[in-house]
Structure formats: C-alpha cells, structure tokens
Amino acid sequence: MPPPSCLPPVLTPSSLDFLRCSLLDWYTISGRDLPWRHTRDPYAIWISEIMLQQTQVKTVIPYYDRWLRQFPTIEALAAADQQQVLKAWQGLGYYARARHLHQAAQLIVQTHGGQFPDTLEAVLKLPGIGRTTAGGILSAAYNQPVPILDGNVKRVLSRVMALPVPPSKAMKHLWQASSELLDRQHPRDFNQALMDLGATLCTPSNPACLLCPWRTACRAFDLNMQNDLPVSERRAPLPHKQIGVAVIWNQQGQILIDRRRPDGLLGGLWEFPGGKIEPNETVEACIRREIQEELGIEVEVGDRLITIDHTYSHFHVTLNVHHCRHVQGEPQPIECAEVRWVTVDELDQFPFPKANVQIITALQTANCPH
DNA sequence: TAAACGTGGCG
DNA sequence: TCGCCAAGTTT
C-alpha cells in the first residue's frame with residue numbers, strides 16, 4: 001500500500017543542512033573511485049555521461065578507456081567516420097547515443113570552435129544531451145550548480161520522501177527536490193555523492209540502510225518501506241517475433257551483408273539480411289520472400305546455421321539463421337542503406353549488433369560450406 | 001504523454 | 001525461464 005501523501009515535508013531548511021553535510025562526509029570516506037573522476041576535461045566527462053545512460057559502470061569502463069584512446073579529442077571524434085564510431089560503440093546498445101555523440105562533436109567544432117560549451121542553454125541544444133546529462137557534465141566538469149535526476153537520484157529521493165507514486169508521475173516534484181537539495185557550495189561532489197549513494201547503498205533491492213548517512217531522515221526507512229519504494233512502473237509483456245535470417249554465399253565464397261538505415265532500431269549497423277516470419281510461413285519461404293523483397297535477388301535456402309534467442313528493450317526475437325546460395329540477380333539496397341559482399345575474415349571490421357555477432361562467431365567456428 | 005530504443009546482470 | 005532494472009533522450 002502506498003504511504004500517505006499528507007505527511008510534513010522532508011526537505012525543510014534545517015534538514016537540508018543535515019542532508020548535504022552528512023552526504024558529503026559519507027562521500028569523502030565511501031565515494032567510488034571512477035575513471036572519469038580523475039579528469040575535468042568536459043569532453044571525457046561528456047563521453048562518460050552518454051555511455052552511462054541506462055548502462056552500468058562496470059560495462060562502461062572498458063568502452064570509456066578504449067574510446068578516449070581512439071578519439072582523444074572532440075576534433076578527433078568529429079573527423080572520424082560514422083562506421084568507426086559505431087564500431088567503437090558495438091555492444092553498448094542504444095546506438096543513437098553514438099550517432100548523436102558524433103553529430104554533436106561535429107556541431108561543437110562548427111559552432112563552438114571545438115570547445116565544449118559551458119552554459120546549460122548551449123549544452124541542452126546538443127543532440128543526445130537531456131537535462132540529467134547536462135547537469136552531470138556541467139557540475140562534474142565546471143562545478144556548476146545544476147541538478148541531476150538519473151535513476152539513482154530518483155530512487156534515493158523516492159525513498160527519502162516516501163513518494164507514493166511511480167517516479168514518472170512525479171518528475172516535476174523530483175526535479176524540484178534535486179534542485180533544492182543540491183549543495184550550491186559543492187555541486188560537483190554533491191551530485192556525484194548522490195549517485196554513489198543510490199548505486200552502492202540505496203540500491204534497487206536490499207538497500208543497506210544501516211550504513212546510510214540519511215537513514216535518520218529517510219521516510220521510507222522510518223516506515224520500513226525501503227523495499228517497496230520506489231513504486232514500480234507497470235509494463236506490458238514483451239511481444240515475441242520469429243525472424244528468418246540468411247547467410248548468403250556467392251561463388252567466390254563471400255557473404256552478403258547489409259547496412260541498416262541510419263535511424264530507428266540498430267540504425268547504421270550492419271546485419272545479415274532477413275525479416276519477420278508471417279503466420280503459417282516456413283522459415284525457408286520467409287527467407288526467400290524477404291531476400292527477394294529487400295535485396296531483389298533469388299536465393300536457395302540451405303542448412304540451418306544457428307538459432308538465436310535475443311531480447312531487445314521492447315520485444316523478444318528468435319533468429320532462425322540459414323545458409324543460402326545466391327542464385328541470380330544483383331543485390332540492390334531496396335530496404336537498407338547499403339549492401340556488400342565480404343569474406344568471413346572481413347566481418348570483424350563492421351559494426352554489428354550483438355545477436356549478429358553470435359552469427360559471425362558461429363561462422364568462424366563451425367564447419368561451413370566453402 | 002507514452003513508446004521506442006540494447007545489452008547485461010540478478011533474484 | 002522471466003521480469004526487473006541500470007548515470008535517459010527523442011519523438
């Protein structure tokens with residue numbers, strides 16, 4: 001049962017001082033040592049903030065290190081081509097982040113002389129940067145007093161205030177709380193500390209309340225509701241799609257791959273062609289039909305290579321992958337951006353989504369024709 | 001406003 | 001196996 005919403009406010013002038021001081025003291029002792037906390041280069045911090053969107057620290061660190069070696073400056077990123085950028089992002093997901101990063105770098109070179117902007121207004125105009133990321137960058141890089149509201153902060157504040165509704169229903173209230181709480185004397189450390197609190201103590205399940213500097217002020221702890229908050233959002237079950245996928249071989253022992261259109265799911269990445277299996281359609285018939293529709297060629301469907309179950313953010317798929325033989329016609333980029341014949345050894349040079357990387361691995365390990 | 005948008009980890 | 005969640009933004 002949700003808590004009553006008519007309790008006295010948690011954030012009073014006198015409690016604010018306690019919350020700020022106790023959090024900063026805790027952070028001094030228990031804050032995490034993270035790679036992007038060793039720099040104040042706004043570019044490096046920007047990269048970290050984008051990679052960290054919906055992505056855990058542990059996943060990000062190796063990508064962050066590689067990225068800064070490969071693209072050490074905004075100019076270097078702007079000058080790269082999109083395929084290089086997507087390859088560096090391969091496996092991180094939400095690929096629009098990489099496309100926006102690339103676009104934004106080019107925009108910064110054109111309109112800000114290659115210098116990352118230092119005003120909230122200018123930063124918010126960059127593609128891929130919303131309010132939370134802007135606050136994260138401006139506070140971390142320039143110590144500007146701009147609040148944040150990421151998943152950690154939403155959870156921490158939902159508990160401290162015993163928010164009776166899902167966070168998405170109270171965004172205005174949460175932003176106000178984050179802004180009022182923010183320590184204007186120490187915005188960099190305060191924002192980082194708030195996120196660390198959420199990531200290490202005020203965790204989604206089994207929060208370590210006995211170690212928390214805020215436990216005496218936390219309404220959820222007081223009500224013993226820390227395991228029931230924040231109120232979860234309902235989501236519909238994910239639909240499941242059956243997909244037919246073709247590994248099409250030509251007489252030279254090459255394979256046909258296509259590059260997806262620049263926007264939408266997996267935009268700009270390469271893939272093995274295929275499509276959705278219609279009701280009452282066999283995998284083989286689906287593959288022949290899809291390849292004709294998408295590439296304008298005729299293929300003969302052969303042995304199954306691998307079956308892959310994969311989950312995207314909003315649906316499940318089963319990829320039914322078959323070897324195919326190119327029979328006739330010149331491949332045309334009818335429903336994609338580009339098509340190309342490549343050898344198995346060349347596949348590693350192209351950015352592929354994770355489910356397709358599994359196909360490549362199967363090709364490199366299994367006994368294949370040719 | 002709500003849905004689209006990846007992947008990995010955990011209970 | 002399955003649902004939930006993670007340093008959110010865009011349309």
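**Notebook: a predicted model with DNA strand C**

I began at the paired strands, where I found Thr 307 standing opposite Asn 320, the latter in strand E6. The model I am reading is a predicted one. I then looked up how the two strands are joined, and noted that strand E5 (residues 298–311) and strand E6 (residues 316–328) run antiparallel, with 11 bridges between them. I also wrote down that E5 and E6 make a hairpin, with four residues separating them. As a general reminder to myself, side chains in a regular strand alternate between the two faces of the sheet.

**DNA strand C**

Next I asked which residues come nearest to DNA strand C. Out of 28 residues around the strand, I listed Leu 52, Gln 54, Gly 128, Asp 150 and Arg 155 as the nearest. I noted as well that sugar and phosphate make up 64% of those atoms of DNA strand C that come within 4 Å of the protein.

I looked up single contacts one at a time. For Arg 155, I found a polar side-chain atom 2.4 Å from a phosphate oxygen of DNA strand C, and for Gly 151, a backbone N or O atom 2.9 Å from a phosphate oxygen of that strand. Arg 32 reaches a base instead, with a polar side-chain atom 2.8 Å from a base nitrogen of DNA strand C. I then recorded the elements that give two or more residues to this surface, which are helix H8 (131–142), helix H9 (151–160) and helix H11 (187–201). Sorted by kind, the residues of the surface near DNA strand C are 10 nonpolar, 12 polar and six charged.

Gln 54, already on my list of nearest residues, deserved a second entry. I placed Gln 54 in the loop between H2 and helix H3 (57–70), and its phi is near 55°, a positive value in a residue other than glycine. With a relative accessible area of 70%, Gln 54 is exposed, a value that takes account of protein chains only.

**Salt bridges**

How many salt bridges does the model hold? I counted nine. I returned to Arg 32 and found that its side chain meets that of Asp 196 in a salt bridge, with 2.7 Å from N to O. Asp 196 belongs to helix H11 and Arg 32 to the loop between helix H1 (13–30) and helix H2 (42–51), so this pair ties together parts that are 164 residues apart in sequence.

Is Asp 196 buried or exposed? I read a relative accessibility of 0%, so Asp 196 counts as buried, whereas Arg 32, at 25%, counts as partly exposed. Asp 196 also forms a salt bridge with Arg 37, whose closest N and O atoms are 2.8 Å apart. Because Arg 37 lies in the loop between H1 and H2 while Asp 196 lies in helix H11, the pair ties together parts 159 residues apart in sequence. Arg 37 is partly exposed, at 22% relative accessible area.

Elsewhere I noted a salt bridge between the side chains of Arg 289 and Glu 281, at 2.7 Å from N to O. Through salt bridges that share partners, Glu 281, Arg 289, Glu 290 and Glu 293 are joined into one network.

**Backbone entries**

Last, I checked two loops. The peptide bond from Leu 229 to Pro 230 is cis, with omega near -5°, and I located Pro 230 in the loop between helix H12 (219–222) and strand E1 (240–249). Asn 143, in the loop between H8 and H9, has a phi near 60°, a positive value in a residue other than glycine; at 31% relative accessibility, I entered Asn 143 as partly exposed.

Definitions and conventions. Residues are numbered from 1 along each chain as its sequence is written. Chains are lettered from A and ligands numbered from 1 in the order in which they are written. This is a predicted model: local features need pLDDT of at least 70, side-chain atom pairs count only at pLDDT 80 or more; totals for chains, interfaces and linings use all residues. Side-chain values use heavy atoms; hydrogens and water are left out. A residue is near a molecule or strand if one of its heavy atoms lies within 4 Å of it. A polar contact is a pair of N or O atoms within 3.5 Å; within protein, one must be able to donate a hydrogen and the other to accept it, and residues adjacent in sequence count only if both atoms are side-chain atoms. Ala, Val, Leu, Ile, Met, Phe, Trp, Tyr, Cys and Pro count as nonpolar, Asp, Glu, Lys and Arg as charged, and the others, Gly among them, as polar. A salt bridge is a side-chain nitrogen of Lys or Arg within 4 Å of a carboxyl oxygen of Asp or Glu. Buried means under 20% relative accessible area, exposed over 50%, partly exposed in between (1.4 Å probe, protein chains only). Two strands pair if DSSP finds at least two bridges between them.
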